[in-house]
Amino acid sequence: MNLPHRTSSLVGRGPELAELAGLVTRSRLVSLVGAAGCGKTRLAIEVARTVADRFPDGVWFVDLTAAGDAVTVLSTVVSALGFAPADTDRPAEALRAHLRDRRALLVLDNCEQVLDPVADLVDDWLSGAPPLTVLATSRAPLEVGGERLHRLGPLALPEGDDDVTASPAVALLLDRLAAAGADREDLGLLSAVVRIASAVDGVPLALELAAARARAFSLDEIAHQVTADPSSLARSGRGSDHHRTVRAAIEQSYALLPADEAELHRAASVLPGPFTVAAAGAVLGGPDTGPRPARSPRTWSPAWCTTRCWSRSDRRGPAAPRASPSSPPCAVTRRTRPARTPPRCAAAATSGRPR
Ligand SMILES: Nc1ncnc2c1ncn2[C@@H]1O[C@H](COP(=O)(O)OP(=O)(O)OP(=O)(O)O)[C@@H](O)[C@H]1O
Ligand SMILES: [Mg+2]
């Protein structure tokens, strides 16, 4: 098994883990899709660990965060597999031959910025390497024939009169607060904990970054800070730049959007929560004026959760959409090339993404 070490406990995700474990044993390509920081990589590693014994030729983790094109995608896969192609002039063919008879699971992590090269490679493998299974994590689908999508949202927040500590978002926050050395008496202040978890919409990345502030601030202070501006959450100290700040994670997704979808998201950022097609149509100026979302409010939530962090902090009241390409955020990305598989319906045509 070639998977990254877990340095902290997995919180919640029991149903998702069970469903994904079933999917990867039945399907050859499963894509775990969701907004920045919602826990795709963490869950994919857990899924791979759970199903490892069903893949006698191994489970491999390929971190594509730093890959930028077809060449670096291929070289990242080759080096993650520890494979030295004999034919160095044709590494893709050599890799396909290497994978041909292997009953292995490849986790391709963080594919969003290299969707086209990853899709080409996976398409090639799946037609030439029948026993191979791929689990991809990405902020947008690969759109390869046979892909099974699993959309991942943030961790659930407390509802109604439920015991708040039963909520996975609160449980993760409490766990990370304790790890950061939060004052024990402070941890009894569940109302502040719930305020923090709700201010960041239960997004695990933001929960962890908020918890790290307990080294210097009380829970009340953190709650006040994240309510005012959740996008300012940042990681200090050593480690990779991926996830260093919430703002950077969202900006990266926004930068991957084509112009029409970036425009849509600038306009939609005035909406304070999940929205209907009708509400978006109203904001965008009516049925014939540009792109609009084709999703139900429920399926918009994962994207919205990070969008809202920005719209809250950057908006001064119901502001007009802004023109700067680096301004408001979006957690949904799409590739620009046409889908390989014919769409089944209007919603499928967008793969759940706005057009
Ligand atoms: N269910 C969970 N339990 C515990 N920690 C979690 C959970 N989900 C996510 N995390 C932690 O939250 C942080 C962000 O998660 P992760 O890296 O998996 O997000 P992601 O969706 O892959 O983000 P990105 O789109 O930026 O790659 C990580 O430190 C991860 O370990
Ligand atoms: Mg990830």
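Analyst: Let's start with a term we'll need: a residue is buried if 20 or more other C-beta atoms lie within 10 Å of its own, and exposed if 12 or fewer do. Keep in mind that this is a predicted model.

User: Okay, then which residues point which way from strand 4, and are they buried or exposed?

Analyst: Read a strand as two faces and check each one. Thr133, Leu135 and Thr137 point one way from strand 4, while Val134, Ala136 and Ser138 point the other way, and all are buried. Strand 4 covers residues 133-138, and six of its six residues are buried, so the rest of the structure largely encloses this strand.

User: How many residues of strand 3 are buried?

Analyst: Same trick. Strand 3 is mostly covered, with five of its five residues buried. Leu105, Val107 and Asp109 go one way from strand 3, Leu106 and Leu108 go the other way, and all are buried. Note that Asp109 is on that buried list too.

User: What order do the strands take in the sheet?

Analyst: For a sheet, get the order across it, then the pairing sense. Here the sheet is open, has five strands in the order 2-3-4-1-5, and pairs in parallel. Strand 2 and strand 5 (148-152) are the edges, each pairing on one side only. From one strand to the next, the twist averages 15°.

User: How many bridges join strand 2 to strand 3?

Analyst: Let's walk across from that edge. Strand 2 (residues 59-63) and strand 3 run parallel and are joined by five bridges. Phe61 stands opposite Val107 in strand 3. Next, strand 3 (residues 105-109) pairs with strand 4 in the parallel sense, over four bridges. Val107 has Leu135 as its bridge partner in strand 4, and Leu108 has Ala136 there. If you want a path to click through, go from Phe61 to Val107, then from Val107 to Leu135.

User: And what does strand 1 do on the far side of strand 4? Which way do strand 1 and strand 4 run, parallel or antiparallel?

Analyst: They run parallel, and five bridges join strand 1 (residues 29-34) to strand 4. To find the register, look at Val33, which stands opposite Ser138 in strand 4. Strand 1 also pairs with strand 5 in the parallel sense, over five bridges. Ser31 has Leu149 as its bridge partner in strand 5.

User: On to helices. At what angle do helix 3 and helix 5 cross?

Analyst: The general idea is that two packed helices are described by the angle between their axes and the distance between the axes. For helix 3 (residues 70-81) and helix 5 (residues 115-128), the axes come within 8 Å and cross at roughly 55°. The two helices are therefore oblique to each other. Their crossing is right-handed. Ala70, Val73 and Leu74 of helix 3 make the contact with Pro117, Val118 and Leu121 of helix 5. By class, that contact has six nonpolar residues, no polar and no charged ones.

User: Which residues make the contact between helix 6 and helix 8?

Analyst: Geometry before residues, if you don't mind. Helix 6 (residues 168-179) and helix 8 (residues 190-199) pack at about 110°, with their axes 9 Å apart. That makes helix 6 roughly perpendicular to helix 8. This crossing is right-handed. Now your list: Ala169, Val170, Leu173 and Leu174 of helix 6 meet Val193, Val194, Ile196 and Ala197 of helix 8. The classes here are eight nonpolar, no polar and no charged.

User: Let me try one residue alone. Where does Gly22 lie, and why is Gly22 classed the way it is?

Analyst: Start with the element, then count neighbours. Gly22 lies in helix 1 (residues 14-26). Gly22 counts as partly exposed because it has 13 C-beta neighbours inside 10 Å. You can also check a distance: the C-alpha atoms of Gly22 and Val47 are separated by 9.5 Å, with the two residues 25 apart along the chain.

User: Now zoom out for me. How many helices and strands are in the chain?

Analyst: The chain has 15 helices and five strands. Of its 355 residues, 42% are buried. For contacts, look at sequence separation: among those with a separation of 6 or more, residues 24 or more positions apart account for 74%.

Definitions and conventions. Residues are numbered from 1 along each chain as its sequence is written. Chains are lettered from A and ligands numbered from 1 in the order in which they are written. This is a predicted model: local features need pLDDT of at least 70, side-chain atom pairs count only at pLDDT 80 or more; totals for chains, interfaces and linings use all residues. Axes are lines fitted to C-alpha atoms, for helices over the stretch in contact, and angles run from 0 to 180 degrees between N-to-C directions. Angles under 35 degrees count as roughly parallel, over 145 as roughly antiparallel, 65 to 115 as roughly perpendicular and the rest as oblique. A crossing is left-handed if the near helix is turned anticlockwise from the far one by less than a right angle, and right-handed if clockwise. Two residues are in contact if their C-beta atoms, placed from the backbone, lie within 7 Å. Ala, Val, Leu, Ile, Met, Phe, Trp, Tyr, Cys and Pro count as nonpolar, Asp, Glu, Lys and Arg as charged, and the others, Gly among them, as polar. Two strands pair if DSSP finds at least two bridges between them.
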